[in-house]
Amino acid sequence: MILLLFLLTVAVFLLFSILPGDPARLTCGKSCTPDIIEANRHRLGLDKPPLEQYEAFIGGIFFGREFSEDSPQPVICNAPCLGYSYNRHAQVLGLIVNAFPVTFWLATGAFILWITTGISLGILAALTHGRWPDRLVMTLSLIGYSLPAFFIGLVLMFFVIIKWRWLPFPSYVSPFDNLGQFLQTMLLPWIVLAVLYTAFYMRLTRNQVLETFGEDYVRTARAKGLPERTVVVKHALRAGLAPIVTAAGLDLAGLLGGAIISENIFSLPGLGSLSLNAVTDSDLPLLAGITLCTATFIIVANLVVDLLYAVIDPRVRLGS
Amino acid sequence: MVGRSIPQIIWGRLRKDRVAMVCLVILAAYYTIAIFGPFVAGFVGIDPYKFDSSAISDLGGKPVLPNGGISWQHPLGVEWGTGRDIFAQLLFGLRISLVISTCATFLTVVFGVFFGIVAGYTGGKTDTILGRFMDLILAFPFLLIVMALSGVLTDRLTALGVPQGNASRILYLILVMSVFGWPYLARIVRGQVLSLREREFVEAALSMGAGRRRILFTEILPNLWAPILVYATLTLPSYIGFEAVLSFLGVGVLPPDVTFGSMLAQSVTYFNVVPLYLFIPGTVLVILVVSFNLLGDALRDALDPKAVH
Amino acid sequence: MASMGTRRVLTAGMAAAMLVTACGGATTTPSPAAPSASTGAPSSAPAASTSASTSTAPSASTAASTPPTGGTLYLLTNAQQFDQVDPQRAYTGEDMAFFNGTIYRSLEQFTFSSDFSTAAKLTPDLATDTGTATDGGKTWAFTLRDGATFQDGSPVTCADVKYGISRTFATDVINQGPTYAIQYLDIPTDPKDGSSMYKGPYKGTGQDLYDKAVTCSPDNKTITFHLNQPLGDWNYATTLGMSPVPKAADTGETYGQPGHLAVSSGPYMVDSYQTGNGGKMVLVRNPKWNASSDPYHHAYVDKWEVDFGLDPKVIDQRLIQSSGNDEFAMDYPAVQPENLSIVFKDASTPNDQFVGRALSGMDVYARYLWIDTTKIPNVKIRQAMAVALDRSAMRKNLGGDFYGDYADGLIKPTVGLDYAPTNLWTSLLGQPIPDNGDAAFAKTLIQQSGVAAPSLTYDFPNTPTNAKNAALVQSSLQAVGFTIKLNPIEPGKYYSVVFGAGAHEFGPAGWGADWPNASTVIPPLLTKKGGWDLSRVDDAAFNAKVAAALAETDRTKQSADWQALNVEAVQNMWIIPTFFGLTQRLAGDKVGGVYLWGPYSSWPYGDMYVKQ
């Protein structure tokens, strides 16, 4: 895992500092002159050899660093320093920390939404296997799977907010400041983010449950005359849910992609729109910072999921 | 014992699946249209790049006729501001979308199968290193990385001599989607190879002194194509959707060329004025993606008759 | 030079440039050009301007009653942040209008009026009058009002104004802002690279030179500028990037950014500033502001809030619905093209429900195509390009009637006195040229040129609208025999590319006058030292005529000079004029003081109020 994180920093450094050829060219916004580019190249230390740059990058994460050391007003970037965005005149970490709560709430809400609807509809489908509720669920799942999320988001936005005016225009506030407005703002973004995953979890749950129904121990339980409810809940579901937990952990980590779309449509100030804006401005230090953070998060999440899996499914032993 | 080959068995099962057959026909139609449509269109005089000033008004470039300017001349209406024919745009856009998604899927499969086999068959250190490498790639948020590298790498491709503009962008999309997409398949393939390696027929071949390469190509690969096919069928529509998302976010293919994504992204702007403009490309896209997904499901079922469905 | 701030104009095409200041009516003499006028007699008395602004406001149906005070006004913008808040660096029309109307005072300001020609006149703000010129216009003096203070209560002195202006010279730190101080103050330039010998207050190199060029009287009340040439309208230049900055608060590069909030000298001060989606800038009343020292700012509302990072479509919808707080909101970018037909009947009339809160009027920009004259030296070829161009289809693509009128030169009618029709499209080339181009005539011109139609590359910022326009340029020029390659450029990098070695033969651009004198149009665009010479024009005879026009102190003669030079420019087809742009704006129901303010084609921020 440490090795992986190390490789990650190398990869991010290569992708965003070496690959672009001349990152300094991208450091200034609309009206660039060669002078500004040269000045920024020096300030950001991009005129040093790659290895030294990488050292500075890593050093910044652990010990902090200074940009434009020799100018009268150096930019001090305390550890953990992920870099400095010259387009935004701000430290990358600060930008990420500011945006994080929005994405956190977005992801958490969507996660709860898709886990509850996905799993319950999936179980419903499994229990009514072959009959109309099953078919309905499967059809819904297929549609949710096939419609691009941004399409759903825009259509929802148009009807629910603009045309029918059921909800006000989204304007993000912290849930601790104004819970009502928070919920009104987040409802549609949650739905948009959750649709794809809900579709996926409906199928996954249904198939898992149906599969465990065929397993010996469930048949045994049934043969023992245990009530159907006990069979379903205690035996079939418990074993069937283990892979779902795995998938859920990984999906939660990989949510950023969906968040980009959802936040963009509803103008939420989270990591997704931050990264999209960074892309439009070619703000490489910010992009590198976001990539590094989310990738680290995914790696850690992977580890946690492995551990959880062992707890839930006793058949799996760690290290096997 | 002379039996039917595995492909024959699967084809037999698939043929009985009415939904799958309908999907197959639809997809064949899509590909035929994508390949030959533009030629025919050029013949009939439909041109997605031709501006038609007479079809739009001077007031904000709004189509003159209602419903987005639907007429005999423009059966699906015209684009706001330019008067370009939407039907023609769909024809050409379909081609670009399919080129991107098909090529990207193909490359993903090539990378995935190659590295999956190498990892699974050689095992040991190579397997460990490849495994770490895959972990690393999988740790990158896919959409973010595709977006983040678009500006930088498109410039690089241009510097390498790829024509500027959409040629570079399309190539970039294909490359980056496959480079960051293959580990998913590689993991599946590796698992399959690991189990195949232990199977009798491979051991038999080994004991008969067959070479490594021979075993790989004649014994293992033929047994892999079923999961690969399923994976590819399900990956392709996700790449189509992906291209659409990227165009929507403004980092995909740019005008004057069109794709599903760019059409959807643009039509969204006019949604409250001409809703039909959004629904036409939307419907065409959804039918395509649904067909692929249904076919993928059917294939999976046909390959694994034990699976519940 | 700042590029255009709002995304919409970048996408709308001929993206770009500049600041602003426009004026209408031909009856105005925008500046006291003649030395006689400059000895006093300000072009507009402060009292007159105040009453003019209320009486001409369309919403002032209640006659001369003073608008109510109190309330909050909201600005909804798609931008992630202000390009610059720093008074020496802000150079986007709307931003300057906003800051000058709220947090910054300046020696002179433009008058609040819905009438373009009245608005183009100066109203003294920090200064007691519109300035006193001596020495034939080479020396200008302004006396500061008593009682003007910064937000900490310390008085605004000559030294603060002087320090503010000096920051412009620190071009390594304070970039992208107006540079008139560098161009016109009497400070020697480095013969090597033409840069000023004064390097700004941070390095301090050449400080004595600056101290000689800008002097303060012993009582710290009167500031005197010594110029390197006679300028009849230096007082207009003081509206651009010359607000005071207290030296102690200056943080250099970061000044005005979050964490380093700018210090207010006006009726409001920055309470908070967060950038990005969901970010806000909140302005509250400056308790130390002294209304009696400031007849210019009306300061009707209690609070301003700028909401960043909103989808332009959403901004339009919120303002169309105008409910809740959106009643008090206005757009910062212009109305999106697809919503224009909802808000407007035609290019000048709003639909009934939007009367009084939707505006459509000329912006300050003239759009054109630059042509690199060193790569295409043959004038007939350049004329053939202009003649072949399908301007009608381009205009439709950009928004048709809402986008603007066909341009006939670089000088827009909003510049006032200096505008006269060039007859470019009617007779200048010997025959009328239709809006959709004249292929036959273009082919004739190519024949007359004696060379074959060349292969050209068209540079353009890669936005959807620009890309479609590029396709139109390509198809209409190829129809007459040119071969056109398209070179899309990342929008943010467009100007740095086309100003550099990466430029090809031609591309789109836009320019607005900085004040109502073509001296801020013709010299920057068509002379090598002007700084915005995309066409790489360097014609000795033309340069001499420009220099003569700049030095001309008789304003009537000067405008005749500019008109002639404008005709010469289009006849030589150094640039192909395309459109004189319009802009459309929308505000909520309860926003008062809604009119298009000519100088910046913006909202008249300092004159707005909340309706009761």
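**Note on the predicted three-chain model**

1. D135(C) is placed in the loop that connects β4 (132–134) and β5 (139–143) of chain C. The model under review is predicted, and the phi angle it gives D135(C) is near 60 degrees, a positive value in a residue other than glycine. Most residues other than glycine have a negative phi. The relative accessibility of D135(C) is 55%, so the residue counts as exposed, the cut-off for that class being over 50%.

2. A second positive phi in a residue other than glycine occurs at S267(A), where the angle is near 50 degrees. S267(A) also sits in a loop, between α10 (256–265) and α11 (271–280) of chain A. Is S267(A) buried or exposed? With a relative accessible area of 12%, S267(A) is buried, since the limit for that class is under 20%. The two loop residues therefore fall into opposite classes, S267(A) being buried and D135(C) exposed.

3. Over all chains, the structure holds 1 disulfide. Its partners are C158(C) and C216(C), with an S to S distance of 1.8 Å. Within chain C the bond links distant parts: C158(C) belongs to helix α6 (residues 158–167) and C216(C) to strand β6 (residues 214–216), the two cysteines being 58 residues apart. What is the handedness of this disulfide, and why? The torsion about the S-S bond is about -85 degrees, and the disulfide is therefore left-handed.

4. The two ends of the disulfide differ in exposure. C158(C) has 0% relative accessibility and counts as buried, whereas C216(C), at 29%, is partly exposed. By contrast, C293(A) is in no disulfide; the nearest cysteine sulfur belongs to C81(A) and lies 12 Å away. C293(A) counts as partly exposed, at 29% relative accessibility. In chain B, C103(B) is likewise partly exposed, with a relative accessible area of 33%.

5. Helix α6(C), which holds C158(C), is mostly covered, with 9 of its 10 residues buried. Among them are C158(C), D160(C), K162(C) and R167(C). Which elements cover these buried residues? The cover includes α7 (180–184), α8 (207–213), β6 and β7 (222–226) of chain C. Strand β6, one of these elements, is also the strand that carries C216(C).

6. For chain C overall, the secondary structure comes to 20 helices and 19 strands. Of its 612 residues, 64% count as buried. Among contacts in chain C with a separation of 6 or more, 73% are made by residues 24 or more positions apart. The accessible surface of the chain is about 18800 Å², and carbon and sulfur atoms account for 53% of that area.

7. T102(C) gives one local view of chain C. The residue is found in helix α4 (residues 93–102) and counts as buried at 0% relative accessibility. Leaving aside residues up to four places away in sequence, T102(C) touches G266(C), P267(C), Y268(C), L283(C), H297(C) and W304(C).

8. L236(B) offers a similar view of chain B, from helix α10 (residues 212–249). L236(B) is buried, with a relative accessible area of 8%. Its contacts, not counting residues up to four places away in sequence, are with Y31(B), S101(B), T102(B), T105(B) and F292(B). L236(B) and N293(B) are 57 residues apart in sequence, while their C-alpha atoms are 9.0 Å apart in space.

9. Rolling a probe the size of a water molecule over the atoms shows where empty space is left. The structure holds 7 cavities of 30 Å³ or more, and the second largest has a volume of about 180 Å³. Which residues lie closest to its centre? Of the 16 lining residues, these are L154(A), M157(A), I162(A), V268(B) and K313(C).

10. The lining of this second largest cavity draws on three chains: α6 (149–163) of chain A, α11 (260–269) of chain B, and α10 (312–321) and α11 (337–343) of chain C each supply at least two residues. The largest share, 4 residues, comes from α6(A). By class, the lining comprises 9 nonpolar, 4 polar and 3 charged residues.

Terms used
Residues are numbered from 1 along each chain as its sequence is written. Chains are lettered from A and ligands numbered from 1 in the order in which they are written. This is a predicted model: local features need pLDDT of at least 70, side-chain atom pairs count only at pLDDT 80 or more; totals for chains, interfaces and linings use all residues. Side-chain values use heavy atoms; hydrogens and water are left out. A disulfide is a pair of cysteine sulfur atoms within 2.5 Å. Buried means under 20% relative accessible area, exposed over 50%, partly exposed in between (1.4 Å probe, protein chains only). Contact means heavy atoms within 4.5 Å. Accessible areas come from the Shrake-Rupley method with a 1.4 Å probe; for residues, only the protein chains shown count as cover. On a 1 Å grid over the protein atoms alone, a cavity is a set of points where a 1.4 Å probe fits but cannot get out, and a pocket is an open set with protein on both sides within 12 Å along at least five of seven lines; lining residues have an atom within 4 Å of a point. Grid points are joined across faces, edges and corners, and a volume is the space filled by probe spheres set on the points. Ala, Val, Leu, Ile, Met, Phe, Trp, Tyr, Cys and Pro count as nonpolar, Asp, Glu, Lys and Arg as charged, and the others, Gly among them, as polar.
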